[in-house]
Amino acid sequence: MGKDLERILVSEEELRSKIKDIAGRIDEDYAGKDLLLVGVLKGAVMVMADLARALHCPVQMDWMAVSSYGAGTKSSGVVRTLKDLDTDIAGRHVLVVEDIVDSGLTLSWLIRNLKSRGPASVEIFAMLRKPDALKTPIDVKYVGFDIPNEFVIGYGLDYAERYRNLPFIGTLAPHVYGGK
């Protein structure tokens with residue numbers, strides 16, 4: 001990455017350990033229940049894959065793609081559904097798998113949308129949460145790490161569709177995106 005990476009916030013080892021810990025809690029909480037993991041594309045791909053492999057309870061997976069960012073680094077506040085679920089979630093226990101909770105606006109919209117479909121329950125797992133960036137309250141049942149309000153990349157998180165493949169979470173040097 002050269003000069004594009006400012007620093008590493010969460011290492012690959014820390015991510016693996018946290019996934020294992022949270023998977024154990026999910027296994028206990030959903031024992032004997034019909035669990036559907038709903039990954040939010042594209043950022044949650046790495047989290048979803050690692051979480052699904054770490055779980056011991058039977059799960060099904062589906063994906064949604066929603067956007068409020070465009071090509072920038074801040075949410076526009078207008079949510080668009082780019083890909084909807086293929087699965088009927090009525091009566092199902094749904095666990096939304098997210099890479100990051102930033103403002104909470106997009107996730108708040110998504111949770112309202114999913115609850116309107118009659119699931120048995122809807123909960124959230126977010127690998128990252130920025131408490132200082134929240135603009136609306138979001139009840140996240142499983143949180144990997146609380147991080148500062150900085151622009152982060154890696155482990156599914158991108159800037160202009162780049163850096164998703166990094167095995168850690170880091171901060172992008174401001175010169176890359178015009179920040180200060």
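User: What makes two strands count as paired?
Analyst: Two strands pair if DSSP finds at least two bridges between them; strands are DSSP runs of E with at least two residues, and helices runs of H or I with at least four, numbered from the N terminus. In this predicted model, local features need pLDDT of at least 70, side-chain atom pairs count only at pLDDT 80 or more, and totals for chains, interfaces and linings use all residues. Residues are numbered from 1 along each chain as its sequence is written, and side-chain values use heavy atoms, without hydrogens and water. Six strands form an open, mixed sheet in the order 4-3-2-5-6-7.

User: Why are strand 4 and strand 7 said to stand at the edges?
Analyst: Strand 4 (80-83) and strand 7 (142-146) each have a single partner strand, so one side of each lacks a neighbour in the sheet.

User: What makes the pair F151 and Y177 tilted?
Analyst: Rings of Phe, Tyr and Trp (its six-membered ring) pair if their centres lie within 6.5 Å; planes under 30 degrees apart count as stacked, over 60 as edge-to-face and the rest as tilted. The centres of F151 and Y177 are 5.4 Å apart with planes at 45°, so the pair is tilted.

User: Why is F151 called buried, and Y177 partly exposed?
Analyst: Buried means under 20% relative accessible area, exposed over 50%, and partly exposed in between (1.4 Å probe, protein chains only). F151 has 16% and is therefore buried, whereas Y177 has 24% and is therefore partly exposed.
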